[in-house]
Amino acid sequence: MTDKTAGGDVRLAGISKHYGSFTAVHPLDLTIPQGSFFALLGASGCGKTTTLRMIAGLEEPSTGTVHLGDREVTQLPPYKRPVNTVFQSYALFPHLNIYENVAFGLRRRGIKSVKKQVEDMLELVELGQFAQRKPHQLSGGQQQRVAVARALINHPRVLLLDEPLGALDLKLRRQMQLELKRIQTEVGITFVHVTHDQEEAMTMADTVAVMNGGRVEQLGAPAELYENPGTTFVANFLGTSNLIEAEVLEAGSADVMVTSAGTKLRLPASRCSTTPRAGGKLLVGVRPEKISLVPADEEHTVAAGRNKVTGRIADSSFIGVSTQYVIDSQVCPGLEVYVQNIERDTRLAPGAEVVLHWNPEHTFGLDAAQDIDAGIETVEESA
């Protein structure tokens, strides 16, 4: 394992990228600690791949500097930087077997004795028995692991991964997420991973930078970003959030009381990304899986102190692990609720009057001046 000292950090200072009048990346300061698994997450065109390419040396920054450890590499060509990149297209040599594909980088550097290193690397990616096969004889996931082995054998300080699992089907992608995390943990070098897939970033990364419009919108551990989004974009882009427009009644040091369409709701002051003031506006957020549902005539069974909203089921979808409900309510049209399928309640059907309830601690507050729909992907965007 590599010693996780500050000496191997990737540091970007004020880097930006302009193409004529278009700014792909606004001036950005970012430190990626050595030995971490770091994800740049965002929709198409947010600047994440451009940022990765500036680290690799494949794009020249318009402003700013790139440091790898104590060394500034801004002016160095890609081959002189201690980084390797794995792309979505595996770019394996079809005429070479797996052993020779992995050995390629060492042979190009004039290293004669490659056997032990290649065997160790194939062992790491669990492909030792496939050494003599050609790339076309392997599955997509296996080919991607060969590409990772070929990049790692050069002992880069940083491995850059540009949408590496984008070409794989869902089940294989999930397996490869765990594989890449295992490999990163074993080799202990810095992985910087670009993806548009929220689940992928949260599964694999220690730290996620959510990018939007060429800027880092929020940076943090996956659980922190999910539980305490700082903006409507992060709240909507990472999973699903119900955002309710509300007016602040009381703003205490511990709790904030708000009202929406005559319904009072409570949330912790510590989970507000803006300072709430009595009489001001606030967007109150709660994730769909935090909410419980009961038929309206069972409202008396809801424990005291929980946030409660009444509504009518507009739609329901059974998706195996859970049933997803859409509830029309005065506080918010189209509230989403995910209920685990443990014991399904047949009364919870479209048209039913219901009470939604949840622990106030699971509520967060955002600045109401933002676009409430920022970060919601449309069909066109995700196509």
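**Helix α4**

I began with helix α4, residues 140–152: at 1.5 Å a residue, its 13 residues should span 18 Å, and the end C-alpha atoms are 18 Å apart, so the two agree. The expected span here is 1.5 Å times one less than the number of residues. Helices (H or I, at least four residues) and strands (E, at least two) are DSSP runs, numbered from the N terminus.

Before going on, I noted that this is a predicted model, in which local features need pLDDT of at least 70 and side-chain atom pairs count only at pLDDT 80 or more, while totals for chains, interfaces and linings use all residues. Residues are numbered from 1 along each chain as its sequence is written, and side-chain values use heavy atoms, with hydrogens and water left out.

Next I asked how many residues of α4 are buried. I found 12 of its 13, so the helix is mostly covered; buried means under 20% relative accessible area, exposed over 50%, and partly exposed in between, with a 1.4 Å probe and protein chains only. The buried residues include Q142, R145, V148 and L152. I then looked up what covers them: among the elements are the strands β6 (83–86), β7 (158–162) and β8 (190–195), together with the helices α2 (98–108), α3 (115–124) and α5 (170–187). Contact means heavy atoms within 4.5 Å.

**The whole protein**

I stepped back to the full model and listed 9 helices and 20 strands. The C-alpha atoms fill a box of roughly 80 × 45 × 40 Å along the principal axes. Of the 383 residues, 48% count as buried. Among contacts between residues at least 6 apart in sequence, 67% join residues at least 24 apart.

For the surface I have about 18,000 Å² accessible, 50% of it belonging to carbon and sulfur atoms; the method is Shrake-Rupley with a 1.4 Å probe, and for residues only the protein chains shown count as cover. I also noted 37 positive and 45 negative side chains, with the centres of the two sets 9 Å apart. Lys and Arg count as positive and Asp and Glu as negative, with His and the chain ends not counted; each charge is placed at NZ of Lys, CZ of Arg, CG of Asp or CD of Glu.

**Cysteines**

How many disulfides are there? I get 0, taking a disulfide as a pair of cysteine sulfur atoms within 2.5 Å. C272 is in none, and the nearest cysteine sulfur, that of C332, is 17 Å away. C272 is buried at 14% relative accessible area, and C46 is buried too, at 5%.

**Three single residues**

S260 is found in strand β12 (residues 255–260). Is S260 buried or exposed? Its relative accessible area is 5%, so S260 is buried. Leaving aside neighbours within four places in sequence, S260 is in contact with I244, E245, A246 and V331.

N228 is in the loop between α7 (222–227) and α8 (232–237). I have N228 as partly exposed, at 25%. With neighbours within four places left aside, N228 contacts Q218 and R271. I also checked S273, 45 residues away along the chain: its C-alpha lies 8.1 Å from that of N228.

V286 has its place in strand β14 (residues 281–286) and is buried, with a relative accessible area of 1%. Not counting residues up to four places away in sequence, V286 touches S241, N242, I291, W358, H362 and F364. My last look-up was the pair V286 and E227, 59 residues apart in sequence and 9.2 Å apart in space, C-alpha to C-alpha.
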